[in-house]
Amino acid sequence: MATQGQVITCKAAVAYEPNKPLVIEDVQVAPPQAGEVRIKILFTALCHTDAYTWSGKDPEGLFPCILGHEAAGIVESVGEGVTEVQPGDHVIPCYQAECRECKFCKSGKTNLCGKVRTATGAGVMMNDRKSRFSINGKPIYHFMGTSTFSQYTVVHDVSVAKIDPQAPLDKVCLLGCGVPTGLGAVWNTAKVEPGAIVAIFGLGTVGLAVAEGAKSAGASRIIGVDIDSKKFDVAKNFGVTEFVNPKDYDKPIQQVLVDLTDGGVDYSFECIGNVSVMRSALECCHKGWGTSVIIGVAASGQEISTRPFQLVTGRVWKGTAFGGFKSRSQVPWLVDKYMKKEIKIDEYITHNLTLGDINKAFDLMHEGGCLRCVLKMNE
Ligand SMILES: NC(=O)C1=CN([C@@H]2O[C@H](COP(=O)(O)OP(=O)(O)OC[C@H]3O[C@@H](n4cnc5c(N)ncnc54)[C@H](O)[C@@H]3O)[C@@H](O)[C@H]2O)C=CC1
Ligand SMILES: N[C@@H](CCC(=O)N[C@@H](CSC=O)C(=O)NCC(=O)O)C(=O)O
Ligand SMILES: [Zn+2]
Ligand SMILES: [Zn+2]
């Protein structure tokens, strides 16, 4: 193939500084080294975690960088020793790696993987602790080990899920982050059982995927909590059965939920990234067994708190990354579930734009009507 082993120059959206508009640049993408894969990204969506890092509030945020982590594409070339994918394979880059060899992967207790995490947190590749992206010789940092706001990216081989080539890449790109996170928070982390009462704080893509997961798990009541009442209509289509807007009440929202549910919910999910709401989500849980799962990402310096008595009396506080899914093993399974119409994806896509419109896409994200905006990379 003509580009194998060559530097590729392509378009990418570069974040030079926190909160300054992204700039579409000609970026040089070096060939993959041993254990690395270069991917032609065809579609990427935007996630709120991209906006979070761009805001400057992420302690791991490095600039200049190429953000993006919810995407799909085709393998362009592979480095030495890469055996599980080859050029032409359809893939989803996975910010949560799965090496199957490290202490985390072998524990059977977590989907976190330790193999490349220090490198991805430092915006570089593990082999030489350098970036594969540059502009006229000046390095540009990677982000989350994925950097999908580029027409080509280089990732570690442990961060690539090979998927059904029949799957539409403009849809299954969403399986790179938000939808699996919500579904997995219910199925893997909380393990919601039939009949359970569930409260969901925040009805964006992640919260709606929690609702979808809770409905399929057989929850009897799914209570959506959001300060934007416009979210309620769309949330019904994902399984939410009741709605509560904290702005409509004078008392703390946890008390409202305890009163509505004869003592509290069985499971709650925080899908916002607000530490005060995280407290409410824990404290609306039923004494003795209620479990609250933190999904939202809170800014650097933020801390959670509650009276220890809340835990002494049986409530459980948990968190989840990528919904507890093992990425390389289970993303292909999620793609298959979508192909069999067992999970939704299309319904989360409210906007379609191109890479050149990326700043507009971020503006849309901050407006209430946008769930996921998918960018076509090659226009
Ligand atoms: N743990 C993980 O693996 C992952 C975490 N995330 C995080 O999950 C969070 C949610 O992501 P999205 O659904 O994409 O965000 P989103 O911004 O689309 O949704 C958040 C929702 O919360 C609502 N909201 C805001 N403040 C509120 C309040 N005080 N009370 C009630 N509702 C409130 C908003 O109206 C909105 O509907 C983000 O923090 C994101 O960074 C996202 C993906 C993976
Ligand atoms: N660098 C951030 C980390 C934020 C975070 O918790 N990220 C989630 C994924 S959010 C996706 O949209 C995650 O998987 N965390 C586990 C991990 O290993 O990063 C910060 O420090 O706040
Ligand atoms: Zn994300
Ligand atoms: Zn591992």
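This passage describes the domain arrangement, a zinc site and two individual residues of a predicted model.

In the predicted model, the domain assignment divides the protein chain into domain 1, which comprises residues 8-176 together with 345-376, and domain 2, which spans residues 181-320. The C-alpha centres of domain 1 and domain 2 are separated by 29 Å, and the contact between them involves 10 residues of domain 1 and 14 residues of domain 2. Between them, domain 1 and domain 2 bury about 950 Å², of which 64% falls on carbon and sulfur atoms. On the domain 1 side, Tyr-52, Tyr-348 and Leu-371 account for 54% of the area buried against domain 2, more than any other three residues. The number of salt bridges between domain 1 and domain 2 is zero.

The zinc ion (ligand 4) is coordinated by the SG atoms of Cys-99, Cys-102, Cys-105 and Cys-113, at 2.3 to 2.4 Å. Because the four donor atoms subtend angles of 106 to 116° around the zinc ion (ligand 4), the arrangement is tetrahedral; the criterion for this assignment is that all angles lie between 85 and 135 degrees. For four tetrahedral donors, the ideal angle at a metal is 109.5 degrees. Along the chain, the donors of the zinc ion (ligand 4) follow the spacing C-x2-C-x2-C-x7-C. The pair Cys-99 and Cys-113, 14 residues apart, links distant parts of the chain, with Cys-99 in the loop between β5 (90-93) and α2 (103-107) and Cys-113 in the loop between α2 and α3 (117-121). Cys-99 is buried, its relative accessible area being 7%, and Cys-113 likewise counts as buried, at 6% relative accessibility.

The loop between α2 and α3 also holds Asn-111, which counts as buried because its relative accessibility is 7%, under the 20% cut-off. When neighbours within four places in sequence are left aside, Asn-111 is in contact with Gln-96 and Ala-97, and also with Ala-321, Phe-322, Gly-324, Phe-325 and Lys-326. By contrast, Val-256, which is 145 residues from Asn-111 in sequence, lies 35 Å from Asn-111 in space, C-alpha to C-alpha.

Lys-341 is located in the loop between α11 (327-339) and β16 (349-354). With a relative accessibility of 76%, Lys-341 counts as exposed, the cut-off for that class being over 50%. The C-alpha atom of Lys-341 is 32 Å from that of Val-78, the two residues being 263 residues apart along the chain.

Conventions: Residues numbered from 1 in each chain as written. Chains lettered and ligands numbered in written order. Predicted model: local features only at pLDDT ≥ 70, side-chain atom pairs only at ≥ 80, totals over all residues. Heavy atoms only, no water. Donors = N, O, S within 2.8 Å, 3.2 Å for Na, K, Ca; no water. Tetrahedral: all angles 85-135°; square planar, octahedral: opposite > 155°, others 65-115°. Helix = DSSP H or I, 4+ residues; strand = E, 2+ residues; numbered from the N terminus. Buried < 20%, exposed > 50% of the residue type's maximum accessible area, 1.4 Å probe, protein only. Domains from an automatic or database assignment. Contact = heavy atoms within 4.5 Å. Buried area = accessible area lost by both parts, 1.4 Å probe. Salt bridge = Lys/Arg side-chain N within 4 Å of Asp/Glu carboxyl O.
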